[in-house]
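Subject: Structure for you to look at

Hello,

Please find the structure below, with the sequence. My notes on what was found in it follow.

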Amino acid sequence: MQGKILSTQLIIGDDGKRYEYDKNDVINLDGKDLALLTGSQVDFVSFDERAAKSIYIINENVNVSSILSADRISSARANALLGLGLQIFNFIPYIGQIIAIVGFVLYSMAIYSVSKATASKSLFKNYIIALIISFFGFFLVFILAIIFGMSMGMLANHWGVLIGASMMAVLLLGAMLALIVSIYGYKIHAELAGLSGSSLFLRTFWIYAVSVLLCFVFIILVVFTNIIISVVFAGFIIVWIIVLVPLFVAWWRFKKLEKR
């Protein structure tokens, strides 16, 4: 029987029926990517009218749009993996921050590439909104925290209660901003999960959410206890790794894109 390749798992026969198949049953595949051969004519046999066996490609039809998509996937994945890998230098003073910024740019390029390849109108937009809120929120909260922290030390005898309340207000502001960023973070990772077919992106978000809560715990420990700052710094590094590792694995497994 003859038919046409519909996907990497389905063939539609000349009889109008669809047959499942395994790429190992394609005799003359010769290492080619089946995703790029969608539409190719094949000859096959079927013993139960559900599965195709002994498949021969008799007329290749290379899917140009699949090639472009595959190239974009490869480029996006490479940028994302390199960008995430460079983040490990973030805790090295001066030069480490510069390297981390390069990594951040590469990761942003990966998100943009996926957004363009899938014609998504929301992925990159949500990513930019989350970044803007994160950066402004980070600097605002930590600058206020430093100011109030120094004031607390100098004026504790006279204004301790007021400063303590102000510090709690700063932490509350930080929590609100983190919540907003988390909402957009959920949208980003949920869309990546849908576009790639990998639920690991969504699991990574939940790990990120727990890590943000841990960061607030570390901040509270610094402000309201005498805990050694190096211990808190080590905690931040652990949290950073907890987030980066599953995200790295998710991008490593990124193999396909679905149009939106």
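Ile92 is located in the loop that joins α1 (64-86) and α2. This is a predicted model, and all values here are computed from it. With a relative accessibility of 38%, Ile92 counts as partly exposed, since that class lies between the 20% limit for buried and the 50% limit for exposed. Ile92 also belongs to a nonpolar surface patch of about 720 Å². The other members of the patch are Ile88, Phe89, Tyr94, Ile95, Ile98 and Val102.

For orientation, the protein has five helices and five strands. Read from the N terminus, the order is β-β-β-β-β-α-α-α-α-α, so that the strands precede the helices. The protein has 260 residues, of which 35% count as buried.

Next, the interior. In soluble globular proteins, nonpolar side chains tend to be buried together. The largest nonpolar core here comprises 24 residues. Within this core, the residues with the most contacts are Tyr107, Val114, Leu192, Phe201 and Trp251. At least two core residues come from each of α1, α2, α3, α4 (200-224) and α5 (229-252). Helix α3 gives the largest share, with eight residues.

Then the aromatic residues. How many aromatic pairs does a search of the whole structure find? The number is eleven. One of them is formed by Tyr107 and Tyr127, whose ring centres are 6.4 Å apart and whose planes stand at 50 degrees, a tilted arrangement. Tyr107 is in helix α2 (residues 95-117) and Tyr127 is in helix α3 (residues 123-196), so this pair ties together parts 20 residues apart in sequence.

Are these two tyrosines, Tyr107 and Tyr127, buried or exposed? Tyr107 counts as buried because its relative accessibility is 12%, and Tyr127 counts as buried at 8%; the limit for buried is under 20%.

Tyr107 and Tyr127 are also part of one aromatic cluster, together with Tyr112, Phe124, Phe201 and Trp251. Three of the cluster members, Tyr107, Phe201 and Trp251, are named above among the core residues with the most contacts.

One last item concerns a charge and a ring. The charged end of Lys187 is placed over the ring of Tyr184, at 5.0 Å from the ring centre.

Regards

How values were computed
Residues are numbered from 1 along each chain as its sequence is written. This is a predicted model: local features need pLDDT of at least 70, side-chain atom pairs count only at pLDDT 80 or more; totals for chains, interfaces and linings use all residues. Side-chain values use heavy atoms; hydrogens and water are left out. Rings of Phe, Tyr and Trp (its six-membered ring) pair if their centres lie within 6.5 Å; planes under 30 degrees apart count as stacked, over 60 as edge-to-face and the rest as tilted. Helices (H or I, at least four residues) and strands (E, at least two) are DSSP runs, numbered from the N terminus. Buried means under 20% relative accessible area, exposed over 50%, partly exposed in between (1.4 Å probe, protein chains only). A charge sits over a ring if NZ of Lys or CZ of Arg is within 6 Å of the ring centre and within 35 degrees of the ring normal. Patches are made of residues with over 30% relative accessible area and no salt bridge: like charges are joined within 9 Å, nonpolar side chains (Val, Leu, Ile, Met, Phe, Trp, Tyr) within 5 Å. Accessible areas come from the Shrake-Rupley method with a 1.4 Å probe; for residues, only the protein chains shown count as cover. A salt bridge is a side-chain nitrogen of Lys or Arg within 4 Å of a carboxyl oxygen of Asp or Glu. A nonpolar core is a set of buried Ala, Val, Leu, Ile, Met, Phe, Trp, Tyr and Cys residues joined through side-chain atoms within 4.5 Å.
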